[in-house]
Amino acid sequence: MICLPLLLGVGLAVAVAISFSSRDARTALEARARQTVALLAGGVGDALWNVDRVAAQAILRPLSEDPDFVGALIIESGGSVFLRLGDAGPSRSGLIVEQVSLIRPAAGGQAGEPGGGQRIGQLQLCLTTARAEQIINSRAWAIALSGLGLLAAVCGLLAVIVRGVTLPIRQMTDGMAVLAAGRVDLEIPRVDRRDEVGRMAAALGTLKQHAAERLEFIEQQARHMEVIEEIVAKRTEELSAALETLKRAQNELIRSEKLAALGGMVAAIAHEINTPIGNGLTVATTLSEKISEFQAILEGKELRRSVIRDYSGSFGTASQLLVGNLLRASELIGRFKRVAVDQTGELRRRFELDVVCGEVVAMLRPTYRHSPVSLDLHLPAGVVMDSFPGALGQVLTNLMTNAMIHAFADATVAGTITIAAVLEGDGRHVTLTVADDGAGIPAAVLPRIFDPFFTTKLGSGGSGLGLHIVYAIVMRVLGGVVAVESQIGQGTRFTMVLPLVAPQQSEQDAAEEAVAMPS
């Protein structure tokens, strides 16, 4: 592979040398021909003007002694040949033809001088390049033989290098490839030399020894890793069991919180319903007494028109009061039933956002009856959602309860909880906000409020699951996002961007979400 480029280089050098030598020789001949015809033009012109062929031949005869001379030709102005010497003819390959016009000098001038005169003929000189080409060929052969000799010397040197250096290095390279493959059972070739190749062979033997030691160490570490993996697997199994226990405890805690919240809601609703039912019972008792009195008057045959008018008015008033209180109780029971059905039975349905939010607020309003906190709703009508009203009710209940516990911990301070909604411009999402003007959340606590079991009321009735459940429901059930903003002393704002059409999920998944994340 190395000799082939050298051979090509020698050939190229010979070709270049021939080309340059040929060009230089031809250029020298052309210059010599131009110089010769310029020198002979004056004498030949005089001989032609005097029609002296002997003088012209005498002038041109010394040219025949030139080894490169081929022929010379003197042509008259009319085109006839005045004198021919040698083999002068038209230009051909390997022949240089130089021509010069013969001028009769004007009066007072000299032949060959520019500046005017009569053209009387032409001198033509022919020189051959054969001798120059022969010299060039001999030089090319010399260069070629020198190149071949150099090539032979280089090939011999390369053979010595291959045998003394390349072959041992190749053997050591194969041995390194064997070591790189992780095998240490093959013998590394030994090179008994004191030069760099010998030192490289010794270093390779040391490397093999170190590789064997490293391989043994790796095998020991692998055995240790197997033991560690067994220990890790055992610990992982134990941790999995502990995690299952923790999940069951979390579910139990969530159910307990649900029951506690449901008990508080039931107590508040029962107290609210008790008022119209109690009023209705009082009116019904009074109406029964009035009916008894009226029947006694009828039996005593003392009935008068004024008495009938008085009892008729009493009966009408009593019936109006009774119907009004019963309708009030029926309305409260209907709202409670709808909320209960949304949270326990019906999962997904189409509903109007303002209606569901109003029902949830109406159910929770009795809880805030004796509190200075007011509820303010800003909900646009006609926003229809295809989602989970029960899950949405859980979110609102948790956020409002969280505001009462944390934002308005001081029951004597008045405040406002505002629930507002805005339909987004894309027509596919609605932004629901629950804001208060209470105490606010510290900046150090704000990033952790959605973490499970994180609460600032630990030991005071807080479980740390309310906002975690809100986050989980909004993200996984309603398919939206939730964010919080708060400043100390200025209140807190929870912002939820919800799709009008909740993501599709199976009834079983929705039921599991409702069971695992109650309010």
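These are my notebook entries on what I looked up in this predicted model.

**Entry 1: the whole chain**

I began with the overall make-up, and I found that the secondary structure of the chain comes to 9 helices and 11 strands. Of the 519 residues in the chain, 32% are buried. I then turned to contacts with a separation of 6 or more, and noted that residues 24 or more positions apart account for 70% of them.

**Entry 2: confidence**

Before going into detail I looked up the pLDDT, which averages 77 over the chain, with 75% of the residues scoring at least 70. Over residues 111-115 the pLDDT falls below 50, and this stretch has 4 contacts in the model beyond near neighbours in sequence. Residues 510-519 also stay under 50, although here the model has 27 contacts beyond four places in sequence. I reminded myself that predicted coordinates should not be read in detail where pLDDT is low.

**Entry 3: the order of a sheet**

In which order do the strands of the open sheet stand? I traced 5 strands in the order S6-S8-S9-S11-S10, and the pairing is mixed. Strand S6 (373-378) and strand S10 (481-487) stand at the edges, and because each has a single partner strand, one side of each is left without a neighbour in the sheet. On average, neighbouring strands of this sheet are turned by 15 degrees against each other, direction ignored.

**Entry 4: how the strands pair**

I kept in mind that strands of a sheet pair through backbone hydrogen bonds, either parallel or antiparallel. Starting from the S10 edge, I found 7 bridges joining S10 to strand S11 (residues 491-499), and these two strands run antiparallel. As one example of this pairing, I noted that Ala483 has Thr495 in S11 as its bridge partner. S11 is also joined to S9, by 8 bridges and again in the antiparallel sense, and there the bridge partner of Val430 is Leu498 in S11.

Moving on to S8 and S9, I found that they pair in the antiparallel sense over 7 bridges, with Ile419 standing opposite Val434 in S9. These two strands form a hairpin with 5 residues between them, and in the turn Gly427 has a positive phi of about 75 degrees.

**Entry 5: strand S9 and Thr431**

Is S9 enclosed or left open by the rest of the structure? I found 7 of its 8 residues buried, so S9 is largely enclosed. I picked out Thr431, which lies in this strand, and since buried means under 20% relative accessible area, its 13% relative accessibility counts as buried. Leaving aside residues up to four places away in sequence, Thr431 touches Ala420, Ala421, Val422, Glu424, Thr495, Met496 and Val497.

**Entry 6: helices on the sheet**

I next looked at helix H6 (residues 353-364), which packs on the sheet and touches S6, strand S8 (415-423) and strand S9 (429-436). Its direction makes about 170 degrees with that of S6. H6 has 12 residues and reaches 17 Å from its first C-alpha to its last, close to the 16 Å expected at 1.5 Å a residue. The helix is mostly covered, with 9 of its 12 residues buried, among them Leu353, Val356 and Glu359.

Helix H7 lies across S6, S8, S9 and S11, and it runs at about 20 degrees to S9. I checked its length too: at 1.5 Å a residue, the 19 residues of H7 (residues 389-407) should span 27 Å, and the end C-alpha atoms are 26 Å apart, which agrees. Because 16 of the 19 residues of H7 are buried, the helix is largely enclosed by the rest of the structure.

**Entry 7: Ser387**

I looked up Ser387, which lies in strand S7 (residues 384-387). Its relative accessibility is 1%, so Ser387 counts as buried. Not counting residues up to four places away in sequence, Ser387 touches Leu347, Arg348, Arg349, Phe351, Leu478 and Ala502.

**Entry 8: cysteines**

How many disulfides does the model have? Taking a pair of cysteine sulfur atoms within 2.5 Å as the rule, I arrived at a count of 0 disulfides. I also compared the surroundings of two cysteines: Cys357 has 0% relative accessibility and counts as buried, whereas Cys155 is partly exposed, with a relative accessible area of 26%.

Conventions. Residues numbered from 1 in each chain as written. Predicted model: local features only at pLDDT ≥ 70, side-chain atom pairs only at ≥ 80, totals over all residues. Heavy atoms only, no water. Helix = DSSP H or I, 4+ residues; strand = E, 2+ residues; numbered from the N terminus. Expected span 1.5 Å × (residues − 1). Buried < 20%, exposed > 50% of the residue type's maximum accessible area, 1.4 Å probe, protein only. Pairing = 2+ DSSP bridges. Axes fitted to C-alpha atoms, helices over the stretch in contact; angles between N-to-C directions. Contact = heavy atoms within 4.5 Å. pLDDT = per-residue confidence, 0-100.
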